[in-house]
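These are my notebook entries on one protein chain. I looked up its burial, its sheets, its ligand shell and a few single residues.

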Amino acid sequence: MRFIAGKVETEMADDSDPRQARGVWTRRGFVGALGLLAAAGRAGWAGTSPESWRAGIAGRSVARGEPDYPSWRQAMPWQMYTAPRYPDLIVRPESAAAVPAVLREARGQGLMVAIKSGGHNVSESFLRQGGLLLDLGELQGIEVDPAKGTAWVEPALWSHGLLRAIEPAGWAFPIAHCATVPMGGYLLGGGLGYNHDNWGTLACDSILAAEVTLASGQTVIANERDYPDLYWALRGSGTGFPGVVRRYKLRLFPAPDTVMESSFIYPLSRLQEATDLLQAWAAAKPRDTELMMLLAHSPVADNEAPPLEQKVCIVRAVAYCATREAATATLGGLSGHSLTAGAVLKNELVPTSLRHMQEESVDTRMGLGFALPALLIGLSGEVSPLPVLGVLAGEWIDRAEFYLELTPTSPEREMVRALGQAL
Ligand SMILES: Cc1cc2nc3c(=O)[nH]c(=O)nc-3n(C[C@H](O)[C@H](O)[C@H](O)COP(=O)(O)OP(=O)(O)OC[C@H]3O[C@@H](n4cnc5c(N)ncnc54)[C@H](O)[C@@H]3O)c2cc1C
């Protein structure tokens, strides 16, 4: 009981659950711990000091009530919002090899386990009340076999990291539309990625095998032949997968020779027109083309502008073709639609690439980016050191190693800037 008692003391000092008065929390903490022990039927978490716990685990961890706990917990979700659920322990193994020991330890202590790869799931399903949060954030490795067109990827590898490693050999993959989406939850959830429709595949269809640690601590390779039930579940079970995926083996795709895009920007007040255009395009089923709409803050509108003018919608068609001529013909046909006349800005037949589009997805300066929340989360914890270094250097967008690669000149950025004048 020593640890639980210590936990209660420091819990209140670090104020990690400010909604609960001290007496109430104390009672609930003990009652909760007793319930857990009863359920586990053996001496567990409540009887173990963090020191003895940590001795068996290669990695870092923090227990509820310790001074670093609030910032660690806040750093778990990718988004700014952190659900009010408080795991007892957060454990971040230094490598996949440490995962079985964590699971065995959790079993021994009667702790339920929740798994996080990148923390992008907006439901924050990895954040549970009580139990152990297994944070796989260190597992970002990739091994590519360029001759066979396959790659082993670890679960916290970002889509940008996958693309960067495979594109020099002419390979591609239906990665998520934002550079920071990690492979762990993305693949388990199906994965709707760039050009997936033309390749005729969800991302999970290209999982050839996976290395999985089961609740027993045993690690297996699941593929079509071995552990076929696990292999089946890998492709779409999402948050219900009954094991820890340590790495996936993926089939890669030949990169398209030409990627070209056309975009049309509307103020949000003309959303109906924008969606009508998108639907008309979809009905025409343009060949080798991905259609999308992005809703974004207009970075050029000031706070006093009417709400509908503070937002824009961008209707975008991206053609993935063998030749420039084919892409030009497809996109040219789309921009001839009468509804494109209503766009305040047009950006037509622009050569681009998977890499360039990923870079744009985190470009805060064009108002579409997702990077700023990620940076702020990085500041609140230790999980994203590169952006944090960049922020500390004062010129975050240019200094951080990652962002050096994510700051191309973006034609859309210029479009969005010009939008302010157009509105
Ligand atoms: C900005 C942004 C852009 C996105 N773009 C796309 C997109 O283009 N296409 C698309 O399909 N989706 C997209 N998504 C959704 C994304 O695929 C899911 O949020 C996915 O869960 C993210 O993976 P993750 O590793 O961060 O999952 P996490 O949030 O870390 O985990 C979610 C759940 O998945 C399970 N899980 C995660 N990792 C493992 C593991 N290694 N072993 C076992 N179980 C595990 C756990 O149950 C966990 O609770 C996007 C999300 C964001 C925030």
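**Entry 1: The whole chain**

I began with burial: 41% of the 423 residues in the protein chain are buried. A residue counts as buried if 20 or more other C-beta atoms lie within 10 Å of its own, as exposed if 12 or fewer do, and as partly exposed in between, with C-beta atoms placed from the backbone. I noted that this is a predicted model, in which local features need pLDDT of at least 70 and side-chain atom pairs count only at pLDDT 80 or more, while totals for chains, interfaces and linings use all residues. Residues are numbered from 1 along each chain as its sequence is written.

I then listed the elements and found 17 helices and 15 strands in the protein chain. Helices (H or I, at least four residues) and strands (E, at least two) are DSSP runs, numbered from the N terminus. Of the contacts with a separation of 6 or more, 65% are between residues 24 or more positions apart. Two residues are in contact if their C-beta atoms, placed from the backbone, lie within 7 Å.

**Entry 2: The sheet of five strands**

I recalled first that strands of a sheet pair through backbone hydrogen bonds, either parallel or antiparallel. Two strands pair here if DSSP finds at least two bridges between them. In which order do the five strands of the open sheet stand? The order is 5-6-10-8-9, and the pairing is antiparallel. Strand 5 (142–145) and strand 9 (219–223) each have a single partner strand, so one side of each is left without a neighbour in the sheet. Neighbouring strands of this sheet are turned by 15 degrees against each other on average, direction ignored. For such angles, axes are lines fitted to C-alpha atoms, for helices over the stretch in contact, and angles run from 0 to 180 degrees between N-to-C directions.

I examined one pair: strand 8 (residues 207–213) and strand 10 (residues 244–251) run antiparallel and are joined by six bridges. Glu211 stands opposite Arg247 of strand 10. Helix 5 (residues 99–108) lies across strand 8, strand 9 and strand 10, at about 50 degrees to strand 8. Helix 6 (residues 159–166) also packs on the sheet, where it touches strand 5 and strand 6 (150–153), and its direction makes about 35 degrees with that of strand 5.

**Entry 3: The sheet of four strands**

I turned to an open sheet of four strands, ordered 1-2-4-3, with mixed pairing. Strand 1 (59–63) and strand 3 stand at the edges with a single partner strand each, so one side of each has no neighbour in the sheet. The turn between neighbouring strands of this sheet is 20 degrees on average, direction ignored. Strand 1 and strand 2 (residues 89–93) run antiparallel and share five bridges. The bridge partner of Ser61 is Val91 in strand 2. I met helix 5 again here: it lies across strand 2, strand 3 and strand 4 (132–135), at about 160 degrees to strand 2.

**Entry 4: Around the ligand**

Which of the 31 residues around the ligand come nearest? They are Ser117, Gly118, Asn121, Gly184 and Gly185. A residue is near a molecule if its C-beta atom, placed from the backbone, lies within 6 Å of it. Strand 3 (113–116), helix 7 (183–188) and strand 10 are the elements that give two or more residues to the shell. Helix 7 provides the largest share, four residues. The shell draws at least three residues from each of domain 1 (2–135) and domain 2 (142–254); these bounds come from an automatic or database domain assignment.

**Entry 5: Single residues**

I looked up Glu261 and found it in strand 12 (residues 258–267). Is Glu261 buried or exposed? Glu261 is buried, because 24 other C-beta atoms lie within 10 Å. The C-alpha atoms of Glu261 and Val350 are separated by 5.3 Å, although the two residues are 89 residues apart along the chain.

I also checked two residues with a positive phi. Asn195 is not a glycine, yet its phi is about 60 degrees. Asn195 is placed in the loop between helix 7 and helix 8 (196–199), and it is buried, with 22 other C-beta atoms within 10 Å. Leu349, also not a glycine, has a positive phi of about 55 degrees. Leu349 belongs to strand 15 (residues 345–352) and counts as partly exposed, with 14 C-beta neighbours inside 10 Å.
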